[in-house]
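User: I have a structure open and would like to go through it piece by piece. Can we start with a term I will need?

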Amino acid sequence: AVVDVAIQDYVADVAAELIYQNKSQTSMEVLFAFPLGPHMAIYSFQARSEDAKVQAMLQDEVQHLHEATGGWENLEYLRDQSQYPGEVFACFLGTLSPSREVVVTLRYVQELPREPDGAAHFVLPPTLHPYTRLYGRASALPRAMFLLAVWNCGSSKLHYSLLLTASLQSPRGVVNVQANFALTPLIYTAQDHSTAQVSLAGSPPHQHDLELLVYYGDPTAVSAVVEKGDPGAPPGSLLGDPMVLVTLAPSIPEAVPGQHQSGEFIFLLNTTFLEHAQVPPQSRDRDGDSLLFLLKSLPLGCYFNIYCYEETSVGIYPQSVQYTQDNLTEAMRRIPSTGSSLGDSNLLETLRSVYNTPRPRRHPRQLFIFMAGLPADKEAIAAEVCRHRNSHRCFSFCFSEDSAALAMALAEETGGEAAYVSSDSSMSLVVLKYLKQALKPAAEGVSLSWTLPRGLEVEVLGGTPQSIFQGQHNLLYAQIHGQAQDTTVAKGVMTLQYSLDGQDVTYTTEFPLCPQGDGRLAGHRLAARCLLKRLLPEAVSGPGEEPRHRAVEISLTSGIICPFTSYVGVRTPQRVTWYQRPLALLPPRQSLIPCQIIELHGSRISSCYPKSIWVPPGWLTAVRASWLALRQLTRGIAALPQRGACSKACKPPPPFFSSLKYVDPMEFVLCSSILWRWCTEAVAKCQELVALQKADGSWALSSGLASVLEVDEDEIKGKMPDEVVEPSIWATVLAVTWLHRHDACYQDLCELLEAKAVTWLCSQAESQLDKCLETANTLLGSSVKPSVFRL
């Protein structure tokens with residue numbers, strides 16, 4: 001394999017040439033499969049032998065091509081054949097005779113993640129480095145399905161060679177490159193160190209993936225790079241104009257847990273959540289459920305609201321209210337009981353109601369969405385969230401496998417997280433895990449402004465997010481339109497403004513207007529991918545054909561596929577017919593062959609490594625034909641009650657275009673059955689204590705608290721240190737000490753509650769805490785350390 005990687009800041013363009021040889025004595029049917037990782041898009045594919053060439057091309061009107069090829073469903077049998085789910089590019093290439101070879105040329109672009117220290121992180125896809133190892137969940141597909149055999153299970157010897165070269169570019173200068181494999185010395189190809197080159201030294205290791213970390217100069221959190229357009233594309237088009245690649249990752253300090261914090265938290269609940277939130281009968285009232293842990297863990301200073309969308313699309317409050325004890329008590333009182341007779345799901349109208357509600361100023365909005373099943377209007381829901389993607393973040397939770405894709409789509413579109421919760425899992429740990437993430441501080445009121453020569457203007461494709469949370473980075477694409485009237489001005493200025501903890505922050509970055517790049521248009525193609533993602537929900541569910549036509553235009557001009565276009569393998573003879581055998585996969589005169597991006601469902605069948613399987617010509621064809629025949633038979637039997645006795649087979653409807661990809665719900669299960677049993681017991685033990693906690697984090701000295709602590713109330717009052725003026729201080733120290741008496745076994749459940757309590761204590765009576773803790777340890781028979789109380 002020969003791999004050429006071009007990295008420009010946080011965008012990569014990869015060109016790979018793979019040479020496969022059939023060294024066996026048996027002909028083999030050839031299938032090429034390339035798993036697509038996150039933020040990756042193929043834009044060019046070609047396979048050639050001595051006799052023929054197959055070129056993947058994008059075409060419009062998928063259904064017409066379906067009929068023209070007569071075999072698009074040939075690839076569908078693959079959907080359940082892989083152990084690992086995910087998106088994969090697949091193309092049948094026919095039969096390869098002994099001692100013959102086929103050369104595959106592949107090009108793709110990818111957004112690179114930004115490490116906390118500012119480095120761009122690149123990982124070579126496993127298909128380009130198919131080393132032998134055990135496959136875990138991180139794998140999307142066995143390393144190579146090409147020829148059905150590339151290596152064997154027991155051998156550690158590499159059966160291939162790899163030549164890897166990386167070209168690096170940034171106007172800030174390339175400072176350093178680190179890798180987990182041997183590299184040649186970094187060679188600078190420009191005096192200002194803006195371009196450099198590095199290569200693989202020697203043979204690649206066979207124990208792990210190949211990873212590169214690229215470090216740039218001026219490690220600010222904001223950068224702008226201009227990529228030149230395609231000189232052959234018309235001015236004003238997506239590929240014809242220069243593109244600015246903008247990276248936003250402002251430095252946001254850690255927040256002290258338990259302190260006052262801004263933010264708007266909106267909870268969209270359904271019946272299933274309320275049912276799963278229930279705990280065993282030890283609860284004195286319905287406050288003792290997962291919803292209680294969730295609401296009690298919110299910080300002072302924030303805003304909140306609750307929608308029970310299966311009953312009504314109206315919130316418990318007309319709009320979000322401040323988080324106070326009175327508002328919290330009233331909210332818990334208004335939540336309907338799980339025994340209520342609820343109607344059909346109305347998530348779409350509830351979301352629209354939320355988006356029409358004003359957001360408190362300087363309080364970033366975050367939604368917690370709980371879904372029992374897949375709503376019928378799932379595409380409209382995805383489109384609605386997409387339209388408001390820059391104004392909020394979604395954390396979505398699903399209770400059924402069919403809603404996993406929608407939950408993931410809502411989270412990914414807004415920069416949030418998704419979780420699949422099986423029926424025997426605990427809600428408390430799952431929800432609190434993401435609440436902790438949601439409580440990270442954010443840069444609020446984000447805006448970008450530009451200073452450019454007269455005649456030029458900038459359009460940020462997809463808009464600018466209103467909030468950027470700690471640990472996030474945003475890669476934006478901005479198109480430069482027009483013609484500069486003053487050609488002597490060589491630089492532009494980008495200004496980022498946002499608010500952090502009530503303070504206004506401004507970053508100013510200069511960038512050269514002279515376009516950079518090597519003509520590979522990686523930024524432009526990723527900008528097209530970004531636009532297609534934004535257009536797709538509207539094109540699928542919205543009225544009119546304009547969004548669809550726009551999506552098709554962008555797809556065909558950029559080479560990035562969308563559901564309204566399809567890859568077509570166009571076969572071109574070179575000298576003689578490539579497919580000569582009677583059982584060859586492709587007829588000798590067939591010019592269009594199956595070539596498609598497929599969503600693999602995953603069979604979850606355990607295996608070691610990919611096995612070496614030598615197959616005779618026609619074997620793959622026969623297996624596929626049998627599978628298709630069986631599927632058609634079962635579909636026909638299932639359809640009989642609906643269509644009655646038909647003398648002719650009914651043609652299945654055309655495939656439905658969807659913006660929601662297949663998602664394996666097993667990837668989202670966060671709690672095992674053992675963990676669920678432990679969590680249920682933990683909730684039952686501490687739920688009454690949590691129910692007694694006030695919104696500010698304190699506890700009152702009461703008989704209820706004494707009952708939870710299993711200590712006589714008079715004894716608690718009698719042991720209160722003389723230095724303590726306020727009984728609630730003594731009560732709060734006792735409660736926190738009780739939570740730690742079993743080596744912090746409630747840490748995951750009560751971490752946020754405890755942090756709020758300790759913050760309240762430190763603000764009330766820090767000088768009294770030493771004596772209170774000493775007495776509490778004696779009374780409860782514990783040995784909690786002073787560090788728990790930040791002493």
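Analyst: Start with "buried": a residue counts as buried when its relative accessible area is under 20%. Keep in mind that this is a predicted model.

User: OK, which residues of β20 point one way and which the other way?
Analyst: H392, C394, S396 and C398 point one way from β20, while R393, F395 and F397 point the other way. All of these are buried.

User: Why do they split like that?
Analyst: In a regular strand the side chains alternate between the two faces of the sheet.

User: How many residues of β20 are buried?
Analyst: Seven of its seven residues, so the strand, which spans residues 392-398, is mostly covered.

User: And what does β20 pair with, parallel or antiparallel?
Analyst: Strand β19, residues 365-371, is joined to β20 by seven bridges, and the two run parallel. One of the bridge pairs is F368 with F395 in β20.

User: Zooming out, how many helices and strands are in the chain?
Analyst: The chain has 17 helices and 30 strands. It has 791 residues, and buried ones make up 53% of them.

User: What about the exposed area of the chain?
Analyst: About 34,200 Å² is exposed, and carbon and sulfur atoms supply 51% of that.

User: Now the sheet with β14 in it. What is the strand order?
Analyst: The order is β14-β15-β25-β23, four strands in an open sheet with antiparallel pairing. β14 (222-227) and β23 (456-461) are at the edges with a single partner strand each, so each has one side without a neighbour in the sheet. From one strand to the next, the twist averages 25 degrees.

User: How many bridges join β23 to β25?
Analyst: Six, and those two strands run antiparallel. For example, L456 has G482 in β25 as its bridge partner.

User: Which helix packs on that sheet?
Analyst: Helix α9, residues 522-541, packs there and touches β14, β15, β23 and β25. The direction of α9 makes about 105 degrees with that of β25.

User: Different topic: at what angle do α6 and α7 cross?
Analyst: Roughly 10 degrees, with the axes coming within 10 Å. That angle is why α6 counts as roughly parallel to α7. Helix α6 covers residues 378-387 and helix α7 covers residues 404-414.

User: Which residues meet there?
Analyst: From α6 there are K378, I381, A382, V385 and C386; from α7 there are L406, L410, E413 and T414. By class, the contact has six nonpolar, one polar and two charged residues.

User: I clicked on V446. Is that one buried or exposed?
Analyst: V446 counts as buried because its relative accessibility is 9%. V446 lies in strand β22, residues 442-451.

User: What does V446 touch?
Analyst: Not counting residues up to four places away in sequence, V446 touches T464, P465, Q466, S467, I468, L496, Q497 and Y498.

User: And how far apart are V446 and L248?
Analyst: In sequence they are 198 residues apart; in space they are 10.0 Å apart, C-alpha to C-alpha.

User: Last one, S199: buried or exposed?
Analyst: At 19% relative accessibility S199 counts as buried, since the cut-off is under 20%. S199 belongs to strand β12, residues 195-199. Leaving aside neighbours within four places in sequence, S199 is in contact with L164, T165, A182, L183 and T184.

Notes:
Residues numbered from 1 in each chain as written. Predicted model: local features only at pLDDT ≥ 70, side-chain atom pairs only at ≥ 80, totals over all residues. Heavy atoms only, no water. Pairing = 2+ DSSP bridges. Axes fitted to C-alpha atoms, helices over the stretch in contact; angles between N-to-C directions. Contact = heavy atoms within 4.5 Å. Buried < 20%, exposed > 50% of the residue type's maximum accessible area, 1.4 Å probe, protein only. Areas by Shrake-Rupley, 256 points an atom, 1.4 Å probe, with all protein chains shown as cover. Parallel < 35°, antiparallel > 145°, perpendicular 65-115°, else oblique. Nonpolar A, V, L, I, M, F, W, Y, C, P; charged D, E, K, R; others polar.
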